[in-house]
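Here's a quick walk through one chain, starting from a single residue and working outwards. Keep the viewer open as you read.

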Amino acid sequence: MAGGSGGAGGGTGGGDSLARRAWRQYLLQLQRHPLRTKMITAGCLAGVSDSVAQKLSGYQKIEKRRLLLKMIFGFAYGGPFGHFLHKVLDYIFKGKKDTKTVAKKVLLEQITSSPWNNLLFLFYYGYVVEKRPLKEVKTRVKKQYLSVQLSAWMFRVIVHSFVACCWGIFLNLRARAMSLKQS
C-alpha cells in the first residue's frame, strides 16, 4: 500500500485525490469483506447497466421496478456466483496465476458458467422482470438462447481485444513518460 500517515483531515495526504482514496477504501472493503463487497458492486453495476440499456432502448423514464429487479439479480446472484466461481477455479488450478492458467480459467468459465448465467438470466428476465407465463418464457428462451450465447462469446473476444489495446496504449505512455524523466 501507499505510504503516508493515514490521518484524517489537515494535510494533502501525499496529493491523494478523492478518487484515489475512494479506490483504496473500496479495495480495503474487498479485502476485508469480499463477498459483501462483490454483492454490492454487482448490484450497483447491474443497476447502471440496466439504466443505460433502458435509455438506449428509448425509454423516456426509467422503469424503477425493472431496475430494482435487475439490481436484486446482480446483488443476490451475480455477486455471490462470481465470488464462489473464482474460489472454485482457484481451487481447481491451485491458486496459480501465470498467463497459461489464466487462459485456462477464462476458457473453463466461458464453457461452463457463461452458458449457465445467460440461460438463468433469460429465464429470470422473462418470468420475473417481464412477468410472462413460464410456457412463453421457455419458448422465447429456446428461440433466443443460442444467439445470446454466441453473442456473449463474440463480445468477450471484442472486449478483450479492446482492453488489450487500451492497456498497450497505457504501457506505451508510461514507458515514454519514464524515458522522458530519465533524459
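## Starting from V129

Leaving aside residues up to four places away in sequence, V129 makes contact with R65, R66, L69 and Y124. Bear in mind that this is a predicted model.

Two of those neighbours lead straight to the nonpolar core. The largest one has six residues: L69, F73, Y77, Y124, Y125 and V129. Helix 3 (64-92) and helix 4 (99-129) are the elements that each supply two or more residues to this core.

## The overall fold

What does the chain look like if you read it from end to end? The pattern is α-α-α-α-α, with five helices and zero strands. The chain is more spread out than a compact globule, because its radius of gyration is 21 Å, well over the 16 Å that the globule rule gives for 183 residues. Along the principal axes, the C-alpha trace spans about 65 × 40 × 35 Å.

How much of the chain is buried? Of its 183 residues, 21% fall in that class. The accessible surface adds up to about 13,700 Å², and carbon and sulfur atoms account for 67% of that. As for contacts with a separation of 6 or more, 54% are between residues 24 or more positions apart.

## Annotated spans

The unreviewed UniProt entry carries the annotation "transmembrane region" for residues 67-85 and 153-173. In the model, residues 67-85 are 100% helix and 0% strand, and the C-alpha atoms at the two ends lie 25 Å apart. Residues 153-173 also come out as 100% helix and 0% strand, with 31 Å between the end C-alpha atoms.

## Charged pairs

Side chains of opposite charge can pair when their charged atoms come close. How many salt bridges are there in this chain? The count is seven, and the table gives some of them, with N to O distances.

| Salt bridge | Closest N to O distance |
|---|---|
| D16 and R24 | 2.2 Å |
| R66 and D50 | 2.7 Å |
| R132 and E130 | 2.8 Å |

Take R66 and D50 first, since R66 has already come up as a contact of V129. Their salt bridge ties together distant parts of the chain: R66 is in helix 3 and D50 in helix 2 (residues 34-56), 16 residues apart. Are these two partners buried or exposed? R66 has a relative accessibility of 8%, so it counts as buried. D50 is at 0% relative accessibility, so it is buried as well.

The D16 and R24 pair straddles the cut-off. D16 has a relative accessible area of 18%, which is under 20%, so it is buried. R24, at 24% relative accessibility, counts as partly exposed.

R132 and E130 tell another story. R132 is partly exposed at 27% relative accessibility, and E130 is partly exposed too, with a relative accessible area of 29%. Which residues do they team up with? Through salt bridges that share partners, E130, R132, E136 and R140 form one network.

## Pulling it together

Back where we started, V129 touches both R66 and L69. L69 sits in the six-residue nonpolar core alongside V129, while R66 takes part in the salt bridge with D50.

Key:
Residues numbered from 1 in each chain as written. Predicted model: local features only at pLDDT ≥ 70, side-chain atom pairs only at ≥ 80, totals over all residues. Heavy atoms only, no water. Core = buried A, V, L, I, M, F, W, Y, C linked by side-chain atoms within 4.5 Å. Buried < 20%, exposed > 50% of the residue type's maximum accessible area, 1.4 Å probe, protein only. Helix = DSSP H or I, 4+ residues; strand = E, 2+ residues; numbered from the N terminus. Contact = heavy atoms within 4.5 Å. UniProt positions renumbered as here; feature names shortened; annotations may be inferred. Rg over C-alpha atoms; globule rule 2.2 N^0.38 Å. Areas by Shrake-Rupley, 256 points an atom, 1.4 Å probe, with all protein chains shown as cover. Salt bridge = Lys/Arg side-chain N within 4 Å of Asp/Glu carboxyl O.
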